[in-house]
Amino acid sequence: MKSKDDILIITSYFPPETGAASNRIFALSEQLKHHKYKVKVLSPLPNYPYGKVFGAYRNKFKVNEIYKQIPVTRLFIFASKSNNKFIRLFSILSYAISLFFYLLITKTPQKQIIQCSPLFVGFFAVLAGRLRGKTLILNVSDLWPLAGLEMGILSKGLYYRILEYIEGFIYKHSDRIIGQSEEILTHVKKTIKTSTKPLFLYRNFPQFNLPKSSVEVAQDEIKFVYAGLLGIAQGIEEICKQVNFPENSSFHIYGDGPKADEVKAIVKNHKRIFYHGSLSRNELHKTLMPYNVTIIPLKNRIYGSVPSKIFEYSKLGLPILFFSDGEGADVVEQLGLGIAQREIDYKQLERNIKQIVQQEINLPTKAEVLAISKQAFNLETQFKAFEQSCLNYTESTIKQDK
């Protein structure tokens with residue numbers, strides 16, 4: 001079959017980095033390649049979540065390579081995971097500026113998919129694209145600066161207003177906008193105050209094969225698991241401090257991030273909570289299969305956020321205990337993937353865990369979760385709709401939209 005359009009994906013995260021953002025963009029690049037698009041990725045030198053450029057990429061300004069059959073150009077970044085917001089900002093800007101000049105002076109595909117956030121990366125990518133007359137498809141996964149405000153990282157003032165202006169600029173000057181949640185698309189409509197901008201809901205549905213049979217195995221102990229970023233928003237350290245897991249149960253934690261050292265210190269001598277460090281995605285999938293329930297928490301309700309763990313771990317057949325409010329809770333409840341505790345109340349979470357262990361709360365079986373996931377989270381069906389809405393159009397169609 002003849003190749004379709006060339007497409008450039010601009011992102012701040014890409015494997016071998018781990019995490020939801022990296023997995024999401026890699027899955028999109030694989031789908032594009034599978035559907036005969038010539039796809040190339042532009043990203044920073046790998047550094048997430050450790051805040052240090054990975055060994056093989058250190059002391060380099062630019063790297064061109066093929067990662068699992070995907071051409072990737074990796075640009076300079078001053079990597080950091082410092083809690084100092086100025087250092088973090090400098091880190092983001094170092095990549096954003098490298099990206100801006102690369103896009104200005106390098107021949108790149110006409111169609112470009114821009115992952116946003118971070119806002120500054122999105123801004124410089126959109127600005128460069130507009131200056132070069134590119135067709136821009138914006139992939140909005142987080143609502144910054146609103147998410148920063150809700151997490152307590154940002155406060156309203158001059159800097160916040162500047163970020164709001166940048167956000168509006170990015171939305172206004174993109175040709176197509178895809179969002180990870182209905183709340184994101186609603187926010188975009190309100191921000192640009194138009195109903196004519198083409199919007200598309202594109203969930204982070206994973207694409208992988210089950211590592212082994214998902215047949216249920218009887219266990220004397222109910223094993224709860226969290227796997228993902230150990231950051232401010234998740235509040236895993238608070239669960240470790242405030243929730244007592246009952247007899248015949250245990251809580252297992254996998255991942256890395258700013259709160260990893262704190263979590264490790266809290267659970268060091270704990271009898272029922274265990275921290276196992278970080279694993280590769282394939283290793284993690286194999287490791288998670290025997291667990292009974294996954295806990296998916298968001299300490300602060302973040303408007304627009306639907307944790308990708310819902311889609312990832314339901315495909316592994318894990319029933320979900322969702323610990324937050326919002327669209328993620330709606331998805332879990334409406335599809336019957338588990339239960340959602342919308343109020344951030346750690347004593348209530350402890351009671352729910354106890355009732356699950358004592359079988360007073362009945363969660364779906366692994367087989368039921370797998371069946372729901374297969375039907376509701378079909379990546380191929382979603383991609384075909386995305387292709388028709390966002391990729392198969394002419395330049396005259398874009399002018400009509402505007």
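In this predicted model, helix α1 (residues 20-34) lies across β1, β2, β3, β4 (70-75), β5 (111-116) and β6 (135-140), and α1 runs at about 180° to β1.

The strands that α1 covers belong to an open sheet of 8 strands, whose order is β3-β4-β2-β1-β5-β6-β7-β8 and whose pairing is mixed. Because β3 (62-67) and β8 (199-201) stand at the edges with a single partner strand each, one side of each is left without a neighbour in the sheet. Direction ignored, neighbouring strands of this sheet are turned by 20° against each other on average. Within the sheet, β1 (residues 6-10) pairs with β2 (residues 38-44) in the parallel sense, and Val-39 in β2 is the bridge partner of Ile-7.

A further open sheet is built from 6 strands in the order β11-β10-β9-β12-β13-β14, and here the pairing is parallel. Its edge strands are β11 (273-275) and β14 (338-341), each of which pairs on one side only, while the twist from one strand to the next averages 20°. In this sheet β12 (residues 293-297) runs parallel to β13 (residues 320-323), with Thr-294 standing opposite Ile-320 of β13. On the β14 side, β13 and β14 also run parallel, and Phe-322 stands opposite Ala-340 of β14. Together with helix α11 (residues 327-335), β13 and β14 make a right-handed β-α-β unit.

The bridge counts for three of these strand pairs are set out below.

| Strand pair | Sense | Bridges |
|---|---|---|
| β1 and β2 | parallel | 5 bridges |
| β12 and β13 | parallel | 4 bridges |
| β13 and β14 | parallel | 4 bridges |

Turning to helix packing, α3 (residues 119-132) and α5 (residues 158-172) pack at an angle of about 40°, and their axes are 9 Å apart. That angle makes α3 oblique to α5, because angles under 35 degrees would be needed for the pair to count as roughly parallel. The crossing in which α3 passes α5 is left-handed. On the α3 side, the contact is made by Leu-119, Phe-120, Gly-122, Phe-123, Val-126 and Leu-127, and these meet Tyr-159, Leu-163, Ile-166, Glu-167, Phe-169 and Ile-170 of α5. Sorted by class, the contact between α3 and α5 comprises 10 nonpolar, 1 polar and 1 charged residues. Glu-167 of α5 is among the contact residues and belongs to the charged class, whereas Gly-122 of α3, also in the contact, counts as polar.

Notes:
Residues are numbered from 1 along each chain as its sequence is written. This is a predicted model: local features need pLDDT of at least 70, side-chain atom pairs count only at pLDDT 80 or more; totals for chains, interfaces and linings use all residues. Side-chain values use heavy atoms; hydrogens and water are left out. Axes are lines fitted to C-alpha atoms, for helices over the stretch in contact, and angles run from 0 to 180 degrees between N-to-C directions. Helices (H or I, at least four residues) and strands (E, at least two) are DSSP runs, numbered from the N terminus. Angles under 35 degrees count as roughly parallel, over 145 as roughly antiparallel, 65 to 115 as roughly perpendicular and the rest as oblique. A crossing is left-handed if the near helix is turned anticlockwise from the far one by less than a right angle, and right-handed if clockwise. Contact means heavy atoms within 4.5 Å. Two strands pair if DSSP finds at least two bridges between them. A crossover is right-handed if, with the strands pointing away from the viewer, the path from the first strand over the helix to the second runs clockwise.
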